[in-house]
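Please open the structure in your viewer and keep the selection tool at hand. The stops below go from one element to its neighbour and then out to the whole chain.

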Amino acid sequence: MKKQNLPVAPQSLQKVPIAFDLSANALNKWESGIKAEIEEDNTISILDPIGLDYWTGDGVTAKRIAAALRQIGHEQDVTVYINSPGGDMFEGFAIYNLLRNHGGKVTVKIIGIAASAASIIAMSGDDLQIARAGFLMIHNCWLHAVGNRHDFREVAETIEPFDLAMTDIYAIRSGLDKNLIISMMDKETYIVGNDAVEQGFADSLLPADIVTKQKESDPNSSIKKLDALLAKAQLPRTERRKFIQELKTSMSGAASESTPCAASDVQINVEFGSTAKLSNSLKGILK
């Protein structure tokens, strides 16, 4: 499908304090070690959560993608590799629009998972290819908000057009009925490679040898996994960040006195003052 036939995604109209978050299920399914075996010329890799990454200061942002496209050249063809659990929907829409408006052909290759905001980005390709063991995940906007009942009512009214915009994009791309798409989004649906092709979301399957899995030795990968466990325990992002930051500070201070231990033997023996309840929650989910 020519990307110009797809609708333009709406821009951010944020009226109340909200923060998009990652689905715990998507984080559990995401294997950050999955990479492309050999990257082609004019390649953009989206292999992290969408939006600014709090832990590294990097992350996949519209600003970064715009810079990459400028360097490649507006009329040049581009290949986009995706393995991302999703993230900030506003950033996802902005990246989708950037790729949709690119002058050259855009080929999207889902080598792992394209969940939530990342699945919207994937829809922007003229040609969408997916690994046989890869996944698309579609759902309604997933977020945290702060305020009273009037604020939450306004949040629902603000977010609804974005859910409808996603519905339009998925429906036009796949050719499926909008009511079916709405039902799939309501249930948070994971679509494996073969099914993605059969249902019209993707055009073809990727050859198996294009994907490789590397060992996740980066300390940031462990932090992200811990973040996923805390998300699974239904802890808001702000509390997760506070807990992990204090945990990192505590571990750094005790590093010179520590002895080696296996990751499977990790125990949480310290209460971190104002985040004691998070420590208890972590104990519970690590049992």
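Before the tour starts, one cut-off is needed: two helix axes count as roughly parallel when the angle between them is under 35 degrees. Please also keep in mind that what you are looking at is a predicted model.

Select residues 89-100 to bring up helix 3, whose 12 residues reach 16 Å from the first C-alpha to the last, close to the 16 Å expected at 1.5 Å a residue. At the start of this helix, add Asp88 to the selection, and you will find that one of its side-chain oxygens reaches to within 2.9 Å of the backbone nitrogen of Phe90.

Is helix 3 mostly covered or mostly uncovered? Colour it by burial and it proves mostly covered, with 9 of its 12 residues buried; among them are Phe90, Phe93, Ile95, Tyr96 and Leu99, as well as Asn97 and Arg100.

Next, select residues 62-72, which form helix 2, and look along both helices: their axes come within 9 Å and cross at roughly 15°, and helix 2 and helix 3 are therefore roughly parallel to each other. The crossing of the two helices is right-handed.

To see which residues join them, show the side chains of Ala62, Ile65, Ala66 and Leu69 in helix 2, which meet Glu91, Ala94, Ile95, Leu98 and Leu99 in helix 3.

Finally, show the whole chain, which has 10 helices and 13 strands and in which buried residues make up 46% of the 287 residues. Among its contacts between residues at least 6 apart in sequence, 77% join residues at least 24 apart.

Technical notes. Residues numbered from 1 in each chain as written. Predicted model: local features only at pLDDT ≥ 70, side-chain atom pairs only at ≥ 80, totals over all residues. Heavy atoms only, no water. Helix = DSSP H or I, 4+ residues; strand = E, 2+ residues; numbered from the N terminus. Expected span 1.5 Å × (residues − 1). Buried < 20%, exposed > 50% of the residue type's maximum accessible area, 1.4 Å probe, protein only. Polar contact = N/O pair within 3.5 Å; in protein donor to acceptor, adjacent residues only side chain to side chain. Axes fitted to C-alpha atoms, helices over the stretch in contact; angles between N-to-C directions. Parallel < 35°, antiparallel > 145°, perpendicular 65-115°, else oblique. Left-handed = near helix turned anticlockwise from the far one by under 90°. Contact = heavy atoms within 4.5 Å.
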